[in-house]
Amino acid sequence: MSKRKGLVWAGLAAGLAVVASVGLPALAKHIPWRVERWLAGLTDGPQGASVCHDAPPAAGSDALNRLVVRLYPLDAEDRTIPIEVALLRGDTVNAFATLGGRIYLYDGLLQQARSPEELAGVLAHEIEHVRHRHIIQGVVVSAATWGGLKAIVGGAADAGVAHALLTLSFSREQEAEADEDGLRRLRTAGVDADGLVRFFERAARSGSAPAILSSHPADTDRADRAARFRGYPVRAVLSAEQWAALRGLCRPAQAG
Ligand SMILES: [Zn+2]
C-alpha cells in the first residue's frame with residue numbers, strides 16, 4: 001500500500017472512531033420517539049420475570065400509579081414521552097428502563113427501599129434515563145460494535161430483548177445527567193431528594209453489591225450533587241397504608 005493510501009485509511013478509521021464515540025449517541029438522540037416505540041413493540045417483555053398485578057380494589061397498583069403521576073404528571077413536556085412503570089417479581093435489587101419508555105422495578109428493590117421517598121428517588125433517576133433517550137443511545141452504540149451486537153442478540157435469544165438491555169450500562173455522563181435531572185424532578189414534585197442518595201449509599205455499603213450498582217455505576221459525586229437540592233418544602237409521597245399496599249403488590253400473602 002502506498003503511503004498516501006495508508007494515510008487515507010488511517011484518516012477514515014480515525015473518522016469512524018470519532019463518529020462511533022461522539023456522533024452515534026448524538027444521532028441516536030434524534031431518532032423520533034415513535035420509532036423507538038415501534039422498536040419497543042418488536043421486542044418482548046421481560047421474560048423470566050413476571051409483572052405483579054393485584055385484584056380489585058388494587059390498592060398496590062393504585063399506590064404505584066400515585067407515585068408515578070406525582071413524579072411524572074404528563075405536563076406539556078412529559079406528554080411527548082409517555083412512560084409505563086411495572087413491578088416485577090424477583091429478589092434482584094434493581095430497576096431498569098428499556099426502549100419505548102418502559103420502566104421496570106424489581107420487588108427486591110421495593111423490599112430494600114426503606115421509604116416511598118427512596119423508591120421515588122430511584123424512579124426519578126430511571127425516568128430521566130428515558131427522557132434523555134439514554135436507552136436508544138446505548139442500543140445504537142452497542143449494536144455498532146460486534147461484541148455489543150452479540151451481547152444483545154445472544155441475550156435476546158436467552159432471556160428476551162428487554163433483559164438483554166439490562167446488560168447496557170450507562171456512561172458517567174449519562175448517570176450524572178439522570179441524577180441531576182432526577183433530583184430536579186424530585187424538587188419540582190416536592191419529594192425529599194435525600195431518598196435517592198440514601199438508597200444508593202446503602203446499596204454501596206451492603207456487602208453483596210446489588211445489581212443496580214452495575215447497571216447504574218456508583219458515582220462519588222452523587223451526594224454532593226444532592227446537597228445542592230436541599231431545603232425546599234416536601235410533602236409525603238404515600239401514606240403508610242399506601243406504602244404497605246405497594247410493598248405487598250408482589251407478595252399478596254404477606255400484604256395486610
Ligand atoms: Zn442510572
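Q: How do you know that both faces of S3 are covered?
A: Look at each side of the strand in this predicted model. Arg102, Tyr104 and Tyr106 are buried on one side, and Ile103 and Leu105 are buried on the other. A residue is called buried if 20 or more other C-beta atoms lie within 10 Å of its own, exposed if 12 or fewer do, and partly exposed in between, with C-beta atoms placed from the backbone. In a regular strand the side chains alternate between the two faces of the sheet. With 5 of its 5 residues buried, S3 is largely enclosed by the rest of the structure.

Q: What should I know about the numbering and the model?
A: Residues are counted from 1 along each chain, in the order in which its sequence is written. Because the model is predicted, local features need pLDDT of at least 70 and side-chain atom pairs count only at pLDDT 80 or more, while totals for chains, interfaces and linings use all residues.

Q: How confident is the predictor, and which element of the chain has the lowest mean pLDDT?
A: On the pLDDT scale, which gives the predictor's confidence in each residue from 0 to 100, the chain averages 83, and 80% of the residues score at least 70. Helix H8 (residues 161-164) has the lowest mean among the elements, 56, while helix H13 (residues 240-247) has the highest, 97. Where pLDDT is low, the predicted coordinates should not be read in detail.

Q: What makes a stretch a helix or a strand, and how many of each does the chain have?
A: Both are DSSP runs numbered from the N terminus: a helix is H or I over at least four residues, and a strand is E over at least two. By that rule the chain has 13 helices and 3 strands.

Q: How do you know that S1 and S3 pair?
A: Two strands pair if DSSP finds at least two bridges between them. S1 and S3 have 5 bridges and run parallel, so they pair. One link sets glutamate 84 opposite arginine 102 in S3. S2 and S3 (residues 102-106) are joined by 4 bridges and run antiparallel, so they pair too. Among the partners here, threonine 98 is bridged to arginine 102 and phenylalanine 96 to tyrosine 104.

Q: Why do S1 and S2 stand at the edges?
A: The open sheet has the order S1-S3-S2, with mixed pairing. S1 (84-88) and S2 (95-98) each have a single partner strand, so one side of each is left without a neighbour in the sheet. From one strand to the next, the twist averages 20 degrees.

Q: How do you know that H5 reaches close to its expected length?
A: The expected span of a helix is 1.5 Å times one less than its number of residues. H5 has 16 residues and is expected to span 22 Å; from first C-alpha to last, H5 reaches 22 Å. All this helix is tucked in: 16 of the 16 residues of H5 are buried, so H5 is largely enclosed by the rest of the structure.

Q: Which helix gives the largest share of the largest nonpolar core?
A: A nonpolar core is a set of buried Ala, Val, Leu, Ile, Met, Phe, Trp, Tyr and Cys residues joined through C-beta atoms within 7 Å. The largest one holds 49 residues, and those touching the most other members include Leu67, Ala120 and Leu196. The largest share of this core, 7 residues, comes from H5 (residues 116-131).

Q: Why is isoleucine 136 called buried?
A: Isoleucine 136 has 22 other C-beta atoms within 10 Å, which meets the cut-off, so the label is buried. Its home is helix H6 (residues 134-143), where 7 of the 10 residues are buried, so H6 is largely enclosed by the rest of the structure. Beyond four places in sequence, isoleucine 136 is in contact (C-beta atoms, placed from the backbone, within 7 Å) with Ala28, Ile31, Glu36 and Leu99.

Q: Why is arginine 133 called partly exposed?
A: Arginine 133 has 19 other C-beta atoms within 10 Å, a count between the two cut-offs, so arginine 133 is partly exposed. Arginine 133 sits in the loop between H5 and H6, and its phi is positive, about 60 degrees, although it is not a glycine.

Methods
Two residues are in contact if their C-beta atoms, placed from the backbone, lie within 7 Å. Axes are lines fitted to C-alpha atoms, for helices over the stretch in contact, and angles run from 0 to 180 degrees between N-to-C directions.
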